[in-house]
Amino acid sequence: MVRNDRVVKSARRPEVRLPELVAFTDGELTPDGDYDGLEFRDADLAGQEGGGARFLDCALTGCALDETHLHHARVVDSVLSGIRGVGTNLAEASLRDVELVDARLGGAQLHGAVLERVLVRGGKLDYLNLRRARLKDVVFEGCVLVEPDFGGARLERVEFVDCVVKGADLTAATLVDVDLRRAAELDITRGVDRLSGAVISHAQLLDLAPVLAAEMGVRVAEDA
C-alpha cells in the first residue's frame with residue numbers, strides 16, 4: 001500500500017492555450033452540436049439538451065448547469081471556470097486537456113466518462129459520480145470532494161494535492177500510480193482494500209487503520 005516515491009509516476013497536467021474566442025450567442029445548446037472556439041460567459045444552460053455535443057477550444061465561465069444534459073459530450077482543450085449546478089449529466093462524456101476551476105457542482109453524473117489530462121482546481125464537488133469511469137493523468141488540487149464515488153473506476157496517474165476527500169467510495173476500483181500523500185484530508189468509507197495501487201503517507205496510514213482493520217475483520221480491543 002505504501003510505495004517507494006521513485007516508482008510512482010506523476011500525472012501529466014493539461015496545457016490549455018485558448019485562441020481568441022467568439023462569444024456564444026445562440027442561447028441554447030443543441031444535441032450533437034459542434035462548438036469550436038467559443039466563450040460561454042455567465043450563460044444559463046440549466047436543463048438544456050447538449051447530449052453528444054463537441055466543445056473544442058472553448059471557455060465556460062460562470063455558467064449555470066443545473067440538470068444540463070451533456071451525456072456523451074466531448075470536451076477538448078477547454079477551460080471550465082466557476083461553473084455551478086446540481087445534477088449535471090456528463091455520463092460517458094470524454095474530457096481531454098481540460099481545466100475545471102472553482103466549480104461548485106452537486107450530484108454531477110460522470111459515470112462511464114473518460115478523463116485524460118484533466119486538472120480540477122479549487123471549488124467543491126458534492127456526490128460526484130465517477131462509477132466505472134476512466135481517469136488518466138488527472139489532478140485534484142485545492143478542492144473539496146464530498147462522498148465521491150469511484151466504484152468500479154480505473155484511476156491511473158491520479159494525484160490529490162491539498163484537497164479534502166470525505167467519504168470516498170473505492171469499491172471495485174483499480175488504482176495505478178495514484179498519489180494520495182498530499183491530500184489535506186483523506187477519508188475512505190468503502191473499498192479501502194483497493195489501495196494497493198496507491199501511495200499514502202505514514203500519517204494517513206494511521207488515520208485509515210480503523211477502516212483497514214474493519215475491512216480485514218480484525219477486532220481492536222483495549223489491552224487485557
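Student: Which residue's backbone nitrogen lies 3.0 Å from a polar atom of the side chain of Asn89?

Tutor: Keep in mind that this is a predicted model. Asn89 belongs to the loop that runs between S7 and S8. A polar atom of its side chain sits 3.0 Å from a backbone nitrogen, and that nitrogen belongs to Ala91.

Student: Is Asn89 buried or exposed, and what is its relative accessible area?

Tutor: Leaving out residues up to four places away in sequence, Asn89 touches Thr68, His69, Leu70, His71 and Gln109. Buried means under 20% relative accessible area. Asn89 counts as buried because its value is 18%.

Student: S8 comes right after that loop, so to speak. Which residue in S8 is the bridge partner of Arg84?

Tutor: Start with the strands: S7 covers residues 84–86, and it pairs with S8 in the parallel sense over three bridges. Within S8, the partner of Arg84 is Arg104.

Student: How many bridges join S6 to S8?

Tutor: S6 spans residues 74–81 and S8 spans residues 94–106, and the two run parallel. One spot to look at is Val76, which stands opposite Arg96 in S8. The number of bridges joining S6 to S8 is seven.

Student: And S9, which residue there is the bridge partner of Gly106?

Tutor: S9 takes in residues 114–126, and it pairs with S8 in the parallel sense over 11 bridges. Follow the bridge from Gly106 into S9 and you land on Asp126.

Student: Let's turn to the rings. What is the angle between the planes of Phe24 and Tyr35?

Tutor: The structure has seven aromatic pairs. In one of them, Phe24 and Tyr35 sit 5.9 Å apart, centre to centre. Planes over 60 degrees apart count as edge-to-face, and this pair is edge-to-face at 80°.

Student: How many residues apart in sequence are the parts that this Phe24 and Tyr35 pair ties together?

Tutor: Phe24 is in the loop between S1 and S2, while Tyr35 is in S2 itself. Both residues are buried. Ring pairs also link them with Phe40 and Phe55 into a cluster. Given where the two rings lie, the pair ties together parts whose separation in sequence is 11 residues.

Student: Where does pLDDT stay under 50?

Tutor: Overall, the protein averages a pLDDT of 93, and 93% of the residues score at least 70. For the low stretch, the model has 13 contacts beyond four places in sequence. Where pLDDT is low, though, the predicted coordinates should not be read in detail. The stretch in question is residues 1–6.

How values were computed
Residues are numbered from 1 along each chain as its sequence is written. Side-chain values use heavy atoms; hydrogens and water are left out. Two strands pair if DSSP finds at least two bridges between them. Helices (H or I, at least four residues) and strands (E, at least two) are DSSP runs, numbered from the N terminus. pLDDT is the predictor's confidence in each residue, from 0 to 100. Contact means heavy atoms within 4.5 Å. Rings of Phe, Tyr and Trp (its six-membered ring) pair if their centres lie within 6.5 Å; planes under 30 degrees apart count as stacked, over 60 as edge-to-face and the rest as tilted. Buried means under 20% relative accessible area, exposed over 50%, partly exposed in between (1.4 Å probe, protein chains only). A polar contact is a pair of N or O atoms within 3.5 Å; within protein, one must be able to donate a hydrogen and the other to accept it, and residues adjacent in sequence count only if both atoms are side-chain atoms.
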